[in-house]
Amino acid sequence: MGVVAVAVFVIAGGVWWLASLSRGGIGRDTLSLSRVDRGDIAVSASASGKVVAAFEEILTSPVEARIVEVFRRTGDSVEAGAPLLCLDLKSAETTLGNLADELSMRRLEAEKARVGTSTRVGDMEMEIRVKEMEIGHLESELRNERYLDSLGSGTGNRVDEADMALRRAKVELEQLRNRLRDERLTGDADMNLRQLEVSISGKNLAQQRRLVDDARLMSPRKGVLTYINQQIGARVSPGEQVAVLADLSHFKVDCEIADGYASRVRPGNRAIVKLGAGQLAGRVGSVSPTSRNGVIAFTVMLDDDAHPGLRSGLRCDVHVLDEEIPSALRVANGQFYHGAATYDMWVVNGDEIVKRRVTMGQGNYEHVEIVDGLREGDEVVVSDMSGYAGHDRLRLK
């Protein structure tokens, strides 16, 4: 009888053990659980980002020259006005001297033209005054001849000759006045031309002087040199980069996102930048209008661009927030979520978790919208459960 009882006990225990094994078991402390609640969801699109200096200025050579001396190294902190490079400026300074001589010559030519015009105008004014005096004398003679003719002492021929001489002098006076007017107009036009030549020469000289001054390559502001051409003797062309100056006390994030999400990335959109366990808020600044290799580039300007955790070149995850779903049924985002779809979710049911079909909607880096399959207050596993795909329920240990 005792042997039978022992056999029955062993068989019952084996059946219970096999049933437990078929149900499976998992430690509760190994799971990431989230309780379903209601709240707002700001739908986001994920992007990759790289922290870069908020301000970066590329310094270029304004002239073709040769590097003869380097005063700073890459990584050096510099103050505004600090010398960076010394270029061979002999050719540029020779051009500067030639332009200065040309300006002096243009000024002398303008002064010469002014004096010449003034002299010719003065001579014509003098001729006009002489001619006016001559006309006055001829008018007096004509009056005398007419008086003598009225007394019978003169002749008609002498009156006609005096009248003809007067009229000829008046025509000559009119010609002189017209020539004076034309000379003044021509002189003014010539002076305007000379002044324009002087102005052009002055601008060319000022531009060349700026080029020479810029070619001394001083730091335009306080910053850190992230690059400087240190090859002494190297020849640089106009516009060629010779140094890069950055402000490493303030930062922004250069980002890339798949062009399928381009409609969600607009200037002014809020963004969250994940830095390790922390995060920083910001807004989308500029957005590239074109796609390259299937990605769109954009920039996030940080609210706290001087955060101590920021380092140039640091890689980070960026979440761009778009539309907002108010008062949504939601659960914490986890490794299970890969976009709006239907998922097999594990739901806590007493001392076990049970697989349930759940329809998910939009989400962000924190929460996912529940469309169907869960109720508020349900506790859901949000960690990776792909290793238990063959089970429908698991016992919690």
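# Reading the terms in this model

Visitor: Why is leucine 151 called exposed?
Guide: Leucine 151 has a relative accessible area of 52%. Exposed means over 50%, buried under 20%, and partly exposed in between, with a 1.4 Å probe and protein chains only as cover, so leucine 151 counts as exposed. It lies in helix α2 (residues 90-151).

Visitor: What should I know about the model and its numbering?
Guide: This is a predicted model, in which local features need pLDDT of at least 70 and side-chain atom pairs count only at pLDDT 80 or more, while totals for chains, interfaces and linings use all residues. Residues are numbered from 1 along each chain as its sequence is written, and side-chain values use heavy atoms, with hydrogens and water left out.

Visitor: What makes a nonpolar surface patch, and which residues form this one?
Guide: Patch residues have over 30% relative accessible area and no salt bridge; nonpolar side chains (Val, Leu, Ile, Met, Phe, Trp, Tyr) are joined within 5 Å and like charges within 9 Å. Here Tyr147, Leu148 and Leu151 make a nonpolar patch of about 310 Å². For the whole chain, the exposed area is about 23,400 Å², with 51% supplied by carbon and sulfur atoms. These areas come from the Shrake-Rupley method with a 1.4 Å probe.

Visitor: What makes something a helix or a strand, and how many are there?
Guide: Both are DSSP runs, numbered from the N terminus: a helix is H or I over at least four residues, a strand E over at least two. By that count the chain has three helices and 18 strands.

Visitor: What makes a group of residues a nonpolar core?
Guide: Its members are buried Ala, Val, Leu, Ile, Met, Phe, Trp, Tyr and Cys residues, joined through side-chain atoms within 4.5 Å. The largest core has 21 residues, and Val253, Val273, Phe298, Val300 and Val318 have the most contacts inside it. At least two core residues come from each of β3 (37-60), β9 (241-258), β10 (270-275), β11 (278-287), β12 (295-302) and β13 (315-332). Apart from it lies another core, of 17 residues, including Val63, Ala82, Leu87 and Ile228. Across the chain's 397 residues, 35% are buried. In soluble globular proteins, nonpolar side chains tend to be buried together.

Visitor: What counts as a contact, and which residues does valine 318 touch?
Guide: A contact means heavy atoms within 4.5 Å. Leaving aside residues up to four places away in sequence, the partners of valine 318 include Ala45, Gly49, Val253, Cys255, Ile272, Val273 and Val300. Of the chain's contacts between residues at least 6 apart in sequence, 76% join residues at least 24 apart.

Visitor: How do you know that β3 and β13 pair?
Guide: Two strands pair if DSSP finds at least two bridges between them, and β3 and β13 have twelve, in the antiparallel sense. Aspartate 37 has arginine 330 of β13 as its bridge partner. β13 also pairs antiparallel with β10 over four bridges, where isoleucine 272 partners histidine 319. Three more antiparallel bridges link β13 with β16 (residues 367-372), and there alanine 332 stands opposite histidine 367.

Visitor: Why are β6 and β8 called edge strands?
Guide: β6 (85-87) and β8 (235-236) each pair on one side only. They belong to an open sheet of three strands, ordered β6-β4-β8 with antiparallel pairing. Two bridges join β4 (residues 65-70) to β8, just reaching the minimum for a pair; alanine 65 stands opposite valine 236.

Visitor: Why is the pair of glutamate 197 and arginine 106 called a salt bridge?
Guide: A salt bridge needs a side-chain nitrogen of Lys or Arg within 4 Å of a carboxyl oxygen of Asp or Glu. For glutamate 197 and arginine 106 the N to O distance is 3.6 Å, so the pair qualifies. Glutamate 197 lies in helix α3 (residues 156-214) and arginine 106 in helix α2, so the bridge ties together parts 91 residues apart in sequence. By this rule the count comes to 22 salt bridges.

Visitor: Why are arginine 184 and glutamate 125 called partly exposed?
Guide: Arginine 184 has a relative accessible area of 39% and glutamate 125 stands at 27%, so both fall in the in-between class. They form a salt bridge too, the closest N and O atoms being 2.4 Å apart.

Visitor: Which residues are linked in a network of salt bridges?
Guide: Arg106, Glu109, Asp190, Arg194 and Glu197 are. Within it, aspartate 190 and arginine 194 come to 3.6 Å; both lie in helix α3, four residues apart, about one turn of the helix.
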